[in-house]
Amino acid sequence: MTPFWVYFAARPLLWIVLTLVVFIFARWLHKRLGGLSVFHPVLISILVLVALLSLTGTDYDTYFEGAQFIHFLLGPATVALAVPLCDYFDRLRQIWLPVLVASLCGVITAIISASGIAWLLGAGDKTILTLAPKSVTSPIAIGIVEKIGGYPSMAAGLVLMTGILGCVLAPFVFRLFRIEDDVARGFALGMSAHGIGTAYAFGISAAAGAFGGLAMGIAGLLTSFLLPLLVSLFGF
Amino acid sequence: MLVGLLILLGFQLAGELFVVSLSLPVPGPVMGMLFMAVFLLVAKRGVSEYLRQVADTLLSNLALLFVPAGVGLMVHLDLMVREWFVFGVTLVFSTAITMGVTGWVLVRLMRRFERGRGE
């Protein structure tokens, strides 16, 4: 039994197949439970896959040897966000000023609330700096954290948790702040929960997804300029 | 299908090259997205059918693409467990506040901006 298992576990294919199977199951379960946001497919998939890896004693590097082929598609998928953006370009041209102001408010709120809350809870400087860009898509966040002196390896994990939490919290936030417009919902999701929020926005409507992708891009660009500036101003 | 994928990868490559050569802090695919958006808008020929097909397929399954990186959280499990309170409270409240403020500002301004234009 053991040699047979070792042979397959070393093969990348097994983990691609399992990732797909688990994700399709998670999506089915999510639908079955009436789209309850706590059972977000990404969250369930991660929990099931981590459990599977721990049970079989497989380390993450072995898993990623297979899963990287799925991960790779994130690049072209990001470029593909230009398509819905062009579809809704006329709408964007009508509301460019509100979008610009909301972007600035969103980015500044994200930075100040993350570092402020962590500071109030007594976190150390390095932890605060790692948390500050948590709403930004992970490659940008890692770059920023490296630059301002946090823990880059942890940044990716915090960014992912932010994305998943964003999807879980979205229905409550929309109700609390009375955000009913699809464009505003998508934009708020992309601003606070980057790509994972954008994926969730595409589930609301194509317009929401388009503005989610736009918000994600703007958040990344603005944060990578503003955060290093703020850090040098407040002198950590 | 194949041509659509080639277009996406081509713009990604252009983005990567641009970012690396100017050593910008922005990831290549985000720059590629900007390039393709500008190209599509300037060319004014609309989005071709093969490009749309691939883009729709990728974007409607976008959530799946985050799973492999997400499983990577297991590497930092003990740190997360140790600092769960600071991380948990910060992420929950900061994410909710950011989402709420962004959406709230956009909704209010859109209303005012469009009313101002209508008059």
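How many salt bridges does the rule find across the interface of domain 1 of chain A and domain 2 of chain A? Zero, as it turns out. That count, like everything else here, comes from a predicted model, and it makes a handy way into the structure.

Start with how chain A is laid out. The assignment splits chain A into domain 1, covering residues 2-72, and domain 2, covering residues 80-234. Measuring from centre to centre over C-alpha atoms, 27 Å lie between these two domains. Where they touch, domain 1 of chain A puts in six residues and domain 2 of chain A puts in seven. Together the two domains of chain A bury about 520 Å², and carbon and sulfur atoms account for 83% of that area. On the domain 1 side, A:Ser37, A:His40 and A:Leu43 lose the most area to domain 2 of chain A, and these three make up 71% of what that side buries. There may be no salt bridge at this interface, but one residue pair is in polar contact there, with both partners at pLDDT 80 or more. Sorted by class, the domain 1 side of this contact has four nonpolar residues, two polar ones and no charged ones.

Now for the meeting of chain A and chain B. Here 91 residues of chain A and 68 residues of chain B take part in the contact. The buried area comes to about 7,300 Å², with 85% of it on carbon and sulfur atoms. Three residues, A:Tyr60, A:Val79 and A:Val83, supply 8% of the area that chain A buries against chain B, which is more than any other three residues manage.

What about charges across the two chains? Side chains of opposite charge can pair when their charged atoms come close. Between chain A and chain B the rule finds one salt bridge, out of two over all chains in the whole structure. The partners are A:Asp87 and B:Arg52, with 3.0 Å from N to O. A:Asp87 sits in helix H6 of chain A (residues 82-87), while B:Arg52 belongs to helix H3 of chain B (residues 49-60).

Polar contacts join the two chains as well: six residue pairs are counted between chain A and chain B, again with both residues at pLDDT 80 or more. On the chain A side, helix H8 (residues 96-120) gives the largest share of the residues that touch chain B, namely 14. Taken by class, that side of chain A holds 64 nonpolar, 21 polar and six charged residues.

Chain B has its own layout to look at. Its domain assignment gives domain 1 at residues 1-60 and domain 2 at residues 74-119, and the C-alpha centres of these two domains of chain B are 28 Å apart. An unreviewed UniProt entry also places the feature "transmembrane region" on chain B, at residues 24-42, 54-73 and 85-107. How does the model draw these stretches? Over residues 24-42, chain B is 79% helix and 0% strand, with 24 Å between the end C-alpha atoms. Over residues 54-73, chain B is 60% helix and 0% strand, and there the end C-alpha atoms are 29 Å apart.

Terms used
Residues numbered from 1 in each chain as written. Chains lettered and ligands numbered in written order. Predicted model: local features only at pLDDT ≥ 70, side-chain atom pairs only at ≥ 80, totals over all residues. Heavy atoms only, no water. UniProt positions renumbered as here; feature names shortened; annotations may be inferred. Helix = DSSP H or I, 4+ residues; strand = E, 2+ residues; numbered from the N terminus. Domains from an automatic or database assignment. Contact = heavy atoms within 4.5 Å. Buried area = accessible area lost by both parts, 1.4 Å probe. Salt bridge = Lys/Arg side-chain N within 4 Å of Asp/Glu carboxyl O. Polar contact = N/O pair within 3.5 Å; in protein donor to acceptor, adjacent residues only side chain to side chain. Nonpolar A, V, L, I, M, F, W, Y, C, P; charged D, E, K, R; others polar.
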